[in-house]
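Thanks for coming. I will go through one model today, starting with how far to trust it and ending with one helix pair.

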Amino acid sequence: MIVRKERPEAADEVPMWERTRRRVREEVMDVALGLFLEQGFEDTTVDQVVTAARISKRSFFRYFGTKEDIVFGDLAEQGPVILEALRARPDEEPIWDALGHAFLALSAQADPQRGLTIARLVAASPGLRAAHLEKHLRWQEQLAPEVERRLGDSDDPPGLRGQAIVATALACLDAATTIWLQRGGQGGLDELKRLIDRALAAVRAGG
């Protein structure tokens with residue numbers, strides 16, 4: 001499968017302050033994720049993160065609204081990325097295939113090691129699992145209207161098919177990620193892509 005990638009921004013297209021902000025944010029994320037893995041998400045405080053990252057708490061909250069945002073801040077905003085990828089697929093393409101391609105737009109942008117770290121944290125933390133569900137509900141709201149449009153008119157209540165299909169597709173994404181995690185991330189993102197395809201294929205086949 002071919003996933004369309006965004007053209008990388010040239011250094012002179014990004015202001016120096018923005019490059020600095022991104023670099024600091026990435027450094028804080030790396031430090032925080034390391035602490036979460038070592039101590040557990042719930043048992044790690046913002047004070048511990050800012051001390052380890054050598055920044056002030058005020059600076060921390062300029063980059064992250066909450067501790068959960070360290071884990072999900074970027075992912076929560078990826079719904080529009082999936083939606084754009086879905087809209088780019090041909091209307092005549094089967095909806096499950098179109099959604100599979102759209103999900104891979106996320107994999108194309110992902111850092112495999114960070115993705116594995118986040119998956120492990122979510123599996124171990126009730127609080128992060130709740131935030132993960134909230135993220136999926138946001139994605140579902142964003143994707144369902146486009147799925148409904150592709151399906152055309154029906155006698156079903158408006159939105160029913162779109163919501164049901166997107167919720168099922170997101171469950172396939174979670175199932176594939178869970179298996180990938182259980183295998184220790186073996187095969188990297190290529191294997192995760194294959195597992196997503198297989199999960200969606202199982203739904204299409206009815207088992």
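**Confidence, fold and one helix contact**

I start with the weak part: over residues 1–8 the pLDDT stays under 50. For that stretch the model has 13 contacts beyond four places in sequence. This is a predicted model, so please read those contacts with that score beside them.

Across the protein the average pLDDT is 85, and 89% of the residues score at least 70. Which helices mark the two ends of the confidence range? Helix α4, residues 68–76, is lowest with a mean of 78, while helix α2, residues 46–53, is highest at 96.

Next, the fold. The protein has 10 helices and zero strands. Of its 207 residues, 42% count as buried. Taking contacts with a separation of 6 or more, 66% of them join residues 24 or more positions apart. The exposed area is about 11700 Å², of which carbon and sulfur atoms supply 53%.

Now the pair. Two packed helices are described by the angle and the distance between their axes. Here the helices are α7, residues 112–124, and α8, residues 126–151. Their axes come within 5 Å and cross at roughly 110°. The range for roughly perpendicular is 65 to 115 degrees, and α7 and α8 therefore count as roughly perpendicular to each other.

Who makes the contact? From α7 there are L121, V122, A123 and A124; from α8 there are P126, L128, R129 and H132. Sorted by class, that contact has six nonpolar residues, one polar and one charged.

Conventions: Residues are numbered from 1 along each chain as its sequence is written. This is a predicted model: local features need pLDDT of at least 70, side-chain atom pairs count only at pLDDT 80 or more; totals for chains, interfaces and linings use all residues. Side-chain values use heavy atoms; hydrogens and water are left out. Axes are lines fitted to C-alpha atoms, for helices over the stretch in contact, and angles run from 0 to 180 degrees between N-to-C directions. Helices (H or I, at least four residues) and strands (E, at least two) are DSSP runs, numbered from the N terminus. Angles under 35 degrees count as roughly parallel, over 145 as roughly antiparallel, 65 to 115 as roughly perpendicular and the rest as oblique. Contact means heavy atoms within 4.5 Å. Ala, Val, Leu, Ile, Met, Phe, Trp, Tyr, Cys and Pro count as nonpolar, Asp, Glu, Lys and Arg as charged, and the others, Gly among them, as polar. pLDDT is the predictor's confidence in each residue, from 0 to 100. Buried means under 20% relative accessible area, exposed over 50%, partly exposed in between (1.4 Å probe, protein chains only). Accessible areas come from the Shrake-Rupley method with a 1.4 Å probe; for residues, only the protein chains shown count as cover.
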